Amino acid sequence: MNMPPIVSPQEWDAAREELLVKEKELTRARDALAAERRLMPRMAVEKDYRFEGPNGPANLLDLFEGRRQLIVYRHFFEPGVAGWPEGGCPGCSLVGDQVAHPAHLNARDTTLAFVSRAPQEDIERWKARMGWEIPWYTLTDDFDADFGVDEWHGTNAFFRDGDRIFRTYFVNNRGDEAMGSTWSYLDMTALGRQEEWEDSPEGYPQTAPYQWWNLHDKYGEATIFQAALSDAAASQRGSRSARRSSRS
């Protein structure tokens with residue numbers, strides 16, 4: 001391979017700082033794009049879509065699990081897909097392996113769910129093998145065709161206002177590659193990360209960054225993050241970086 005040159009630590013630092021300028025530009029552009037998503041018009045969902053879940057029949061409203069936002073990924077695990085019935089689409093399975101613990105999304109009033117045409121008994125077997133905790137439902141009607149995921153994977157975002165449901169965003173193809181982190185999912189939702197530094201319309205829910213974060217099995221209890229930022233702990237890691245109240 002034709003590798004880059006070997007340089008001194010000082011030259012390496014200079015090259016890294018030069019590239020960091022462009023990386024920060026990309027970060028801010030990504031934040032601005034997410035802000036534009038929050039201004040996207042909303043499409044009312046008029047049909048009564050039906051699914052089969054681990055607890056029996058469900059409709060789209062049920063998939064929210066009482067939360068305000070819902071993200072639905074179309075996973076190709078079903079008859080006709082290579083590997084059936086032992087396994088699902090390798091690309092969709094890679095997405096499944098990337099998904100962060102759902103408790104972090106839940107803490108932002110957001111539910112993530114997968115949908116496929118596989119029967120529930122096959123879905124439960126596949127989830128157990130792969131070690132996934134994602135809620136996963138069986139498609140029974142035209143939901144996949146109506147939302148652009150009948151022939152290819154894709155991720156739809158929905159918002160609930162009482163019993164009314166609205167489609168707010170959709171991403172597929174290479175846009176799905178980066179999905180999986182808590183942040184990538186929140187950035188595609190109508191409410192975003194819900195942190196004070198975000199450019200969101202007036203009245204959107206927002207809290208201080210960092211301080212809502214918690215251990216995935218400790219949500220519902222007081223956040224442990226402020227304790228982690230005690231003076232003693234901060235001095236060990238560098239108080240400046242530990243105490244930043246906004247995202248750079």
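Ala44 stands opposite Phe166 in strand 8, in a predicted model where strand 1 and strand 8 pair in the antiparallel sense over 2 bridges. These two strands belong to an open sheet of 8 strands, which has the order 1-8-7-4-5-6-2-3 and mixed pairing. Strand 1 (43–44) and strand 3 are the edge strands of this sheet, since each of them pairs on one side only.

**The hairpin of strands 2 and 3**

Strand 2 (residues 50–53) and strand 3 (residues 56–59) run antiparallel and are joined by 4 bridges. They form a hairpin with 2 residues between them, and Gly53 stands opposite Gly56 of strand 3.

**The chain as a whole**

The protein has 10 helices and 8 strands, and 42% of its 248 residues are buried. Among the contacts with a separation of 6 or more, 61% are made by residues 24 or more positions apart. The accessible surface of the protein comes to about 14,100 Å², and 52% of this surface belongs to carbon and sulfur atoms.

**Arg74 and Glu78**

Is Arg74, a residue of strand 4 (residues 69–74), buried or exposed? Arg74 is buried because its relative accessible area is 2%, the cut-off for a buried residue being under 20%. The side chain of Arg74 makes a polar contact of 2.5 Å with the side chain of Glu78, and a polar atom of the Arg74 side chain lies 2.9 Å from the backbone oxygen of Val149. When neighbours within four places in sequence are left aside, the residues in contact with Arg74 include Cys92, Val115, Ser116, Arg117 and Leu139, and also Asp144, Val149, Asp150, His153 and Gly154.

Glu78, the partner of Arg74 in the 2.5 Å contact between side chains, lies in the loop between strand 4 and helix 3. With a relative accessibility of 9%, Glu78 likewise counts as buried. Its contacts, again without the neighbours within four places in sequence, are with Trp84, Ser116, Arg117 and Ala118. Ser116 and Arg117 appear among the contacts of Arg74 and among those of Glu78. Glu78 and Thr138 are 60 residues apart in sequence, and their C-alpha atoms are 9.6 Å apart in space.

**Backbone features in the loops**

Which residues are joined by a cis peptide bond? The bond lies between Trp84 and Pro85, with omega at about 0°, and Pro85 is found in the loop between strand 4 and helix 3 (90–98). Trp84 is also one of the residues in contact with Glu78.

Two residues other than glycine with a positive phi, Asp109 and Asn173, are set out below.

| Residue | Phi | Loop | Relative accessibility |
|---|---|---|---|
| Asp109 | about 60° | between helix 4 (102–106) and strand 5 (110–116) | 25% |
| Asn173 | near 50° | between strand 8 and helix 7 (182–186) | 45% |

Asp109 counts as partly exposed because its relative accessibility is 25%, and Asn173 is partly exposed with a relative accessible area of 45%.

**Val171 and the largest pocket**

Val171 lies in strand 8 and counts as buried, its relative accessibility being 15%. Not counting residues up to four places away in sequence, Val171 touches Gly154, Thr155, Asp176, Met179 and Met188. Gly154 is therefore listed both for Val171, which is buried at 15% relative accessibility, and for Arg74, which is buried at 2%. Between Val171 and Met188, which are 17 residues apart along the chain, the C-alpha atoms are separated by 8.4 Å.

How much space lies in the largest pocket? The space comes to about 270 Å³. Val171, Met179 and Met188 are among the residues that line this pocket, and the lining also includes Arg30, Arg37, Tyr169, Arg174, Gly175, Ala178, Ser184 and Asp187. Helix 1 (9–37) and strand 8 (164–172) each supply at least two residues of the lining. Strand 8 thus appears in the lining of the largest pocket and in the antiparallel pairing with strand 1.

How values were computed. Residues numbered from 1 in each chain as written. Predicted model: local features only at pLDDT ≥ 70, side-chain atom pairs only at ≥ 80, totals over all residues. Heavy atoms only, no water. Buried < 20%, exposed > 50% of the residue type's maximum accessible area, 1.4 Å probe, protein only. Contact = heavy atoms within 4.5 Å. Areas by Shrake-Rupley, 256 points an atom, 1.4 Å probe, with all protein chains shown as cover. Polar contact = N/O pair within 3.5 Å; in protein donor to acceptor, adjacent residues only side chain to side chain. Pairing = 2+ DSSP bridges. 1 Å grid on protein atoms, 1.4 Å probe; cavity = no way out; pocket = protein on both sides within 12 Å on 5 of 7 lines; lining within 4 Å. Points joined across faces, edges and corners; volume = space filled by probe spheres on them.
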